[in-house]
Amino acid sequence: MLRECLVSLLFPRRCPVCSRIVLPEGALICPDCVPKLHFIRQPSCKKCGAELISDRAEYCPDCQRRQRSFESGVALIRYDTVAQKSMAAVKYKNRREYLDFYAEAIARRYGYFFKHRKDAVLVPVPVHPARLRSRGFNQAGELAVRLGQLTGLLVNERLLVRTRKTAPQKELGPDERLRNLRHAFAVAAEFRWEPAPGKPDSRNLPGRAAGTAPELPQTVILIDDIYTTGSTIEACTRVLKAAGVRQVYFVSICIGGGL
Ligand SMILES: [Zn+2]
Ligand SMILES: [Zn+2]
C-alpha cells in the first residue's frame with residue numbers, strides 16, 4: 001500500500017489521450033478525454049469488427065475482397081489521429097500505463113467475446129527480437145498479459161515468434177503487406193510437432209505421451225495494438241493453422257479501414 005502510494009506520488013498516472021496527469025486519482029483516463037476516442041459502434045463487420053456505414057452488408061469492403069483465414073475479431077477504437085498519437089506514445093515513449101486503460105475497456109466491452117471462448121489462449125503478435133531489445137517490451141505482449149489477468153484466459157507469449165525483421169508496412173498496399181510478411185512469423189519449435197513416419201497424427205489427442213512438445217492450443221485469440229489491412233493477423237493465422245490450431249480470433253485496440 002505504502003509502496004503504491006509512493007509510486008503514484010513519484011509517477012502519477014497519465015491519460016492515454018491528453019498525456020496529462022489523470023484526475024481523479026485512481027482513474028485510468030480523464031473523464032473529459034473518453035469522448036475523444038472513437039469507440040467502435042454497430043453495425044460492424046462480422047469478420048474484422050470494423051464499423052460499417054450501413055447494416056445492409058455483413059462484411060466491410062476489405063473482408064469481402066480478401067481471403068481471411070481467421071474466424072473473426074473485435075477492436076475497441078477507430079485508428080484516427082487521437083488513437084495514432086496514443087499508440088505511438090505507448091511504443092516510443094514507454095507509456096505502458098495506457099494499456100491498463102485499453103485492456104480494461106476491452107475486457108469490459110467485449111466480456112462476452114472472452115466468455116464464449118474460455119478455452120482459448122491469448123497470443124500476442126510478436127515483434128522481432130532486435131526490436132524487442134531496443135524497445136524493451138512488446139506492446140502486444142503487455143496488452144495480452146493485462147487481458148489475461150482481467151479475463152482469466154491463459155496467455156502464451158512463446159507460441160508465435162517473429163523470424164524476420166520486415167520492412168515498415170506503412171507505404172505498402174494490402175497485397176504487398178501480406179507478401180512482406182510471408183515467412184515473418186513461425187510457431188516456436190517447441191510447439192511444432194512432426195508425426196513419426198507411419199504413425200497417425202496424434203496432435204491434441206488426449207493421452208499424448210509425456211515428454212513430447214507442449215500442447216498446441218485448439219483456439220487462439222491473437223492480441224495486437226493496431227489492425228489496419230489485416231495482413232499481420234492473416235499471416236499469423238496462416239502459420240498457426242498450418243501448425244494445427246483449429247480456430248483463430250483476434251482482439252485489437254485500434255482498427256483502421258472498414259466502412
Ligand atoms: Zn486526458
Ligand atoms: Zn471487415
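Trainee: What makes the side chains of Glu-51 and Arg-78 a polar contact?

Mentor: The distance is 3.1 Å. The cut-off is 3.5 Å between N or O atoms, so the pair counts. Keep in mind that this is a predicted model.

Trainee: Which backbone nitrogen lies 2.8 Å from a polar atom of the side chain of Glu-51?

Mentor: That of Arg-41. The Glu-51 side chain therefore has a polar atom within the 3.5 Å limit here too.

Trainee: Is Glu-51 buried or exposed, and how do you know?

Mentor: Its relative accessibility is 10%. Buried means under 20%, so Glu-51 is buried. Glu-51 belongs to the loop between α1 (2-10) and α2 (61-65).

Trainee: Which atoms coordinate the zinc ion (ligand 1), and how do you know they are donors?

Mentor: They are the SG atoms of Cys-15, Cys-18, Cys-30 and Cys-33. They sit at 2.3 Å from the ion. A donor must be an N, O or S atom within 2.8 Å, so these sulfurs pass.

Trainee: Why is the site of the zinc ion (ligand 1) called tetrahedral?

Mentor: There are 4 donor atoms, with angles of 99 to 118°. Four donors need all angles between 85 and 135 degrees, so the label fits. Along the sequence, the donor residues follow C-x2-C-x11-C-x2-C.

Trainee: What makes Cys-18 and Cys-30 a link between distant parts of the chain?

Mentor: They are 12 residues apart. Each lies in the loop between α1 and α2. Both residues are buried. Another donor of this ion is Cys-33. At 3% relative accessible area against a limit of 20%, Cys-33 is therefore buried.

Trainee: What are the protein donors of the zinc ion (ligand 2)?

Mentor: Cys-45, Cys-48, Cys-60 and Cys-63, each through SG. The distance is 2.3 Å. The limit is 2.8 Å, so they qualify as donors.

Trainee: What makes the site of the zinc ion (ligand 2) tetrahedral?

Mentor: The angles among the 4 donor atoms run from 103 to 115°. The allowed range is 85 to 135 degrees, so this site is tetrahedral. The donors are spaced C-x2-C-x11-C-x2-C along the chain. Among them, Cys-45 and Cys-48 are both buried.

Trainee: How many disulfides does a search of the whole structure find?

Mentor: It finds 0. A disulfide needs two cysteine sulfur atoms within 2.5 Å, so no cysteine pair in the structure meets that limit.

Trainee: Is Cys-236 buried or exposed?

Mentor: Its relative accessible area is 0%. That is under 20%, so Cys-236 is buried.

Trainee: In what sense do strand β1 (residues 72-78) and β7 pair, and over how many bridges?

Mentor: The sense is parallel, over 6 bridges. At least two bridges are required, so β1 and β7 count as paired. Ile-77 is opposite Cys-254 in β7.

Trainee: How many bridges join strand β6 (residues 219-227) and β7?

Mentor: There are 8, and this pairing is parallel as well. Leu-222 has Phe-250 as its bridge partner in β7.

Trainee: Which elements make a right-handed β-α-β unit?

Mentor: β6, helix α9 (residues 231-243) and β7. Point the strands away from you. The path from the first strand over the helix to the second then runs clockwise, so the unit is called right-handed.

Trainee: What makes strand β7 (residues 247-255) mostly covered?

Mentor: Of its 9 residues, 8 are buried.

Trainee: Where are the cis peptide bonds?

Mentor: One joins Leu-23 and Pro-24, with omega about -5°. Another runs from Gln-42 to Pro-43, with omega near 0°. Pro-24 is in the loop between α1 and α2. Pro-43 has its place in the loop between α1 and α2 as well.

Trainee: What is the phi of Asn-94?

Mentor: About 55°, a positive value, although Asn-94 is not a glycine. Asn-94 lies in the loop between α3 (81-92) and α4 (98-109). Its relative accessible area is 42%. That falls between 20% and 50%, so Asn-94 is partly exposed.

Trainee: Is His-183 exposed or buried?

Mentor: Its relative accessibility is 62%. Exposed means over 50%, so His-183 is exposed. His-183 is not a glycine, yet its phi is positive, at about 70°. Its place is the loop between α8 (174-181) and β5 (185-187).

Terms used
Residues numbered from 1 in each chain as written. Chains lettered and ligands numbered in written order. Predicted model: local features only at pLDDT ≥ 70, side-chain atom pairs only at ≥ 80, totals over all residues. Heavy atoms only, no water. Buried < 20%, exposed > 50% of the residue type's maximum accessible area, 1.4 Å probe, protein only. Donors = N, O, S within 2.8 Å, 3.2 Å for Na, K, Ca; no water. Tetrahedral: all angles 85-135°; square planar, octahedral: opposite > 155°, others 65-115°. Helix = DSSP H or I, 4+ residues; strand = E, 2+ residues; numbered from the N terminus. Polar contact = N/O pair within 3.5 Å; in protein donor to acceptor, adjacent residues only side chain to side chain.
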